[in-house]
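Work through these exercises with the structure open beside you. Try each task before you read its solution.

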Amino acid sequence: MADLVEEAKKKASYAAIDEHVDSSTSVIGIGSGSTVVYCVERLAQRVKDPNSALKIKACVPTSFQSKQLIIEAGLLLADLNAHPVIDVTFDGADEIDESLNLIKGGGGCHLQEKLVAAASKKLVIVADYRKESNALGVQWTKGIPVEVIPMAYVSIQKKIESLGGTSKLRMAAPAKAGPVVTDSGNLILDVFMGILRGDAVLETHLKLIQIPGVVETGLFMDIAGWAYLGLQDGNVKRMA
Ligand code: 5RP
């Protein structure tokens, strides 16, 4: 099972890199999570190929993890302010619906991931078969990741309750170690607002983002142009 999932992540990532990176690609955004590891692996193979025609001048990370991945692969690390226009970003997702709406932030990096995605001409999602869903909240049952300002997390939880939702402060494992703190020094609330279909995705994002102290939600709408899903049978499903 674990091998099947890893193989699916790898196949999806290799296909996505091979079909979206060519000699015209200059700046690449690198998402976070376990699937993009294979994107970086494939990118590095292609850059180091002696016959490579690639001219990648910068890779922009979305987290401490992806920064390390870029450095360890020997790719050129740069930041978003130096490269505010990115040709293509590759990122994972926790759940993907038929319209390419996403839940992201399982790793707590969705703020930086959204900033990099918003600066990208193309956002390509890579995932394994477990992430596909007909509505958000069906496969991913851990709640919508919402990054919040630490001093207000309890009042934000109360506002979420008044909207009919519930939330849990994300704790580092083991729980005694305290809450998860994001790369930007904020906390994560995992928010339960039911199953989200169609317009409910945007409506829920808008309700949450209006609460003072909410920095960003893990709901991504109208931003991913492609998704590559590694399947159990070894094939790759392309969604666009
Ligand atoms: C991190 C993310 C990740 O992209 C998402 O959690 C998917 O991770 P993985 O590829 O390990 O399943 O949004 O904030």
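**Exercise 1.** In which strand is Val236 found? Place this residue in its surroundings.

*Solution.* The model is predicted: local features need pLDDT of at least 70, side-chain atom pairs count only at pLDDT 80 or more, and totals for chains, interfaces and linings use all residues. Residues are numbered from 1 along each chain as its sequence is written.

Step 1. Val236 sits in strand β13, residues 236-239. Helices (H or I, at least four residues) and strands (E, at least two) are DSSP runs, numbered from the N terminus.

Step 2. Val236 is partly exposed, because 18 C-beta neighbours lie inside 10 Å. The cut-offs: buried means 20 or more other C-beta atoms within 10 Å, exposed means 12 or fewer, and partly exposed is in between; C-beta atoms are placed from the backbone.

Step 3. Leaving out residues up to four places away in sequence, Val236 touches Lys11, Ala12, Ala15, Tyr228, Leu229, Gly230 and Leu231. Contact means C-beta atoms, placed from the backbone, within 7 Å.

Step 4. Take Lys11. It is 225 residues from Val236 in sequence, yet their C-alpha atoms are 6.7 Å apart.

**Exercise 2.** What is the strand order of the open sheet of 6 strands?

*Solution.* Step 1. The order reads β2-β1-β3-β6-β12-β13, and the pairing is mixed. Two strands pair if DSSP finds at least two bridges between them.

Step 2. Find the edges. They are β2 (58-61) and β13, each paired on one side only.

Step 3. Look at β13 and its partner β12 (residues 226-230). They run antiparallel, joined by 4 bridges. Tyr228 has Arg238 of β13 as its bridge partner.

**Exercise 3.** How many of the 9 residues of helix α4 are buried?

*Solution.* Step 1. The count is 7, so α4 (residues 110-118) is largely enclosed by the rest of the structure.

Step 2. Name them: His110, Leu111, Gln112, Glu113, Lys114, Val116 and Ala117.

Step 3. See what α4 lies across: β1, β2, β3 (86-91) and β6 (120-128).

**Exercise 4.** At what angle do helices α1 and α2 pack?

*Solution.* Step 1. Helix α1 (residues 2-20) meets helix α2 (residues 36-48) at about 45 degrees, and their axes are 8 Å apart. Axes are lines fitted to C-alpha atoms, for helices over the stretch in contact; angles run from 0 to 180 degrees between N-to-C directions.

Step 2. The pair is therefore oblique. Under 35 degrees is roughly parallel, over 145 roughly antiparallel, 65 to 115 roughly perpendicular, and the rest oblique.

Methods:
Contact = placed C-beta atoms within 7 Å.
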